[in-house]
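Here is a short set of exercises to work through with the structure open beside you. Try each task on your own before you read the solution.

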Amino acid sequence: MRAIVIIFILLIIVSCAPQVIHQNEIKMYLKVGDHIGINADSDALWFGTAQKGRSANLRRDFRIANEFNTTQQVILTKGGTIAEYVNVSSMEFTLKPGEKKDLKAIIENAGSLDYGNYTGTLTATFYEVNE
């Protein structure tokens with residue numbers, strides 16, 4: 001009997017948990033080298049090349065849109081070797097159907113990092129909001 005009660009409680013918890021509707025991942029890239037370089041491609045968050053020893057705040061603007069017919073809670077997560085250096089203007093927010101949010105991703109003082117390539121991902125996970 002006790003096992004049935006525990007299973008029933010677990011089923012209630014699982015059924016009440018937010019459901020992932022969609023995930024979208026965008027790649028992020030930064031190079032620290034001996035010169036400055038710009039990459040304006042829009043297929044990823046390309047921060048370009050920061051010159052080692054030179055103060056540089058690098059910023060990329062991007063937009064997240066709710067293309068679903070229901071209100072969505074959006075949670076952003078960062079990963080990879082670049083993650084700890086990237087600050088995003090908002091990591092969690094709610095979007096109504098058709099609503100868009102403009103965001104900024106910033107790497108402060110990128111020239112202070114060690115020489116090398118820094119890569120990672122920014123993942124937007126959409127959860128349906130029960131209203």
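**Exercise 1. A residue and its contacts**

Which residues does leucine 30 touch, not counting residues up to four places away in sequence?

*Solution.* Keep in mind that this is a predicted model.

Step 1. Select leucine 30 and leave out residues up to four places away in sequence; the list then starts with Phe47, Gly48, Ala50 and Leu58.

Step 2. Going further along the chain, leucine 30 also touches Ile82, Ile107, Ala110, Leu113, Gly116, Asn117 and Tyr118.

Step 3. Now place this residue in a wider group. The largest nonpolar core has 26 residues, and Leu30 is among the members that touch the most others, along with Phe47, Ile64 and Leu76. Elements giving two or more residues to this core are β1, β2, β3, β4 (72-80), β5 (86-88), β6 (92-95), β7 (100-107) and β8. The most come from β8, with four residues. As a general point, nonpolar side chains tend to be buried together in soluble globular proteins.

**Exercise 2. The chain as a whole**

Find out how many helices and strands the protein chain has, and in what order they run.

*Solution.*

Step 1. Count the elements: the protein chain has one helix and eight strands.

Step 2. Read them from the N terminus on, and the order is α-β-β-β-β-β-β-β-β.

Step 3. Look at burial next. The protein chain has 131 residues, and 34% of them count as buried.

Step 4. Finish with the contacts. Among those in the protein chain with a separation of 6 or more, 67% are between residues 24 or more positions apart.

**Exercise 3. Two pockets**

Work out which elements line the largest pocket and the second largest pocket.

*Solution.*

Step 1. Begin with the largest pocket, whose volume is about 370 Å³. Its lining is made of 20 residues, with Asn24, Phe62, Arg63, Ile64 and Ala65 nearest the centre. Two or more lining residues come from each of β1 (20-33), β3 (58-65) and β8 (116-128). Of the elements, β3 gives the most, six residues.

Step 2. Sort that lining by class: 11 residues are nonpolar, four are polar and five are charged.

Step 3. Move to the second largest pocket, with a volume of about 190 Å³. Here 16 residues form the lining, and Gly37, Ile38, Phe47, Thr49 and Leu58 lie nearest the centre. At least two lining residues come from each of β2 (45-51) and β3, and β2 supplies the largest share, six residues.

Step 4. Sort this second lining too: seven residues are nonpolar, six are polar and three are charged.

**Exercise 4. The loop between β1 and β2**

Locate asparagine 39 and glycine 37, and list what each one touches beyond four places in sequence.

*Solution.*

Step 1. Asparagine 39 sits in the loop between β1 and β2, and glycine 37 is placed in the loop between β1 and β2 as well.

Step 2. Leaving out residues up to four places away, asparagine 39 touches Trp46, Gly48 and Arg60, while glycine 37 touches Gly48 and Thr49.

Step 3. Check a side-chain detail: the side chain of asparagine 39 reaches the backbone nitrogen of aspartate 41 at 2.9 Å.

Step 4. Compare sequence and space. Asparagine 39 and tyrosine 29 are 10 residues apart in sequence, and their C-alpha atoms are 9.8 Å apart. Glycine 37 and glutamine 51 are 14 residues apart along the chain, with 8.2 Å between their C-alpha atoms.

**Exercise 5. Buried or partly exposed?**

Decide whether threonine 123, asparagine 39 and asparagine 109 count as buried or partly exposed, and say why.

*Solution.*

Step 1. Recall the cut-offs: buried means under 20% relative accessible area, exposed means over 50%, and partly exposed lies in between.

Step 2. Threonine 123, in strand β8, counts as buried because its relative accessibility is 12%. Beyond its neighbours within four places, threonine 123 is in contact with Gln23, Asn24, Glu25, Ile75, Leu76 and Thr77.

Step 3. Asparagine 39 has 22% relative accessibility, so this residue counts as partly exposed.

Step 4. Asparagine 109, in the loop between β7 and β8, is partly exposed because its relative accessible area is 35%. Its backbone has a point to check too: phi of asparagine 109 is near 50°, a positive value in a residue other than glycine.

Note on methods
Residues numbered from 1 in each chain as written. Predicted model: local features only at pLDDT ≥ 70, side-chain atom pairs only at ≥ 80, totals over all residues. Heavy atoms only, no water. 1 Å grid on protein atoms, 1.4 Å probe; cavity = no way out; pocket = protein on both sides within 12 Å on 5 of 7 lines; lining within 4 Å. Points joined across faces, edges and corners; volume = space filled by probe spheres on them. Nonpolar A, V, L, I, M, F, W, Y, C, P; charged D, E, K, R; others polar. Core = buried A, V, L, I, M, F, W, Y, C linked by side-chain atoms within 4.5 Å. Buried < 20%, exposed > 50% of the residue type's maximum accessible area, 1.4 Å probe, protein only. Contact = heavy atoms within 4.5 Å. Polar contact = N/O pair within 3.5 Å; in protein donor to acceptor, adjacent residues only side chain to side chain.
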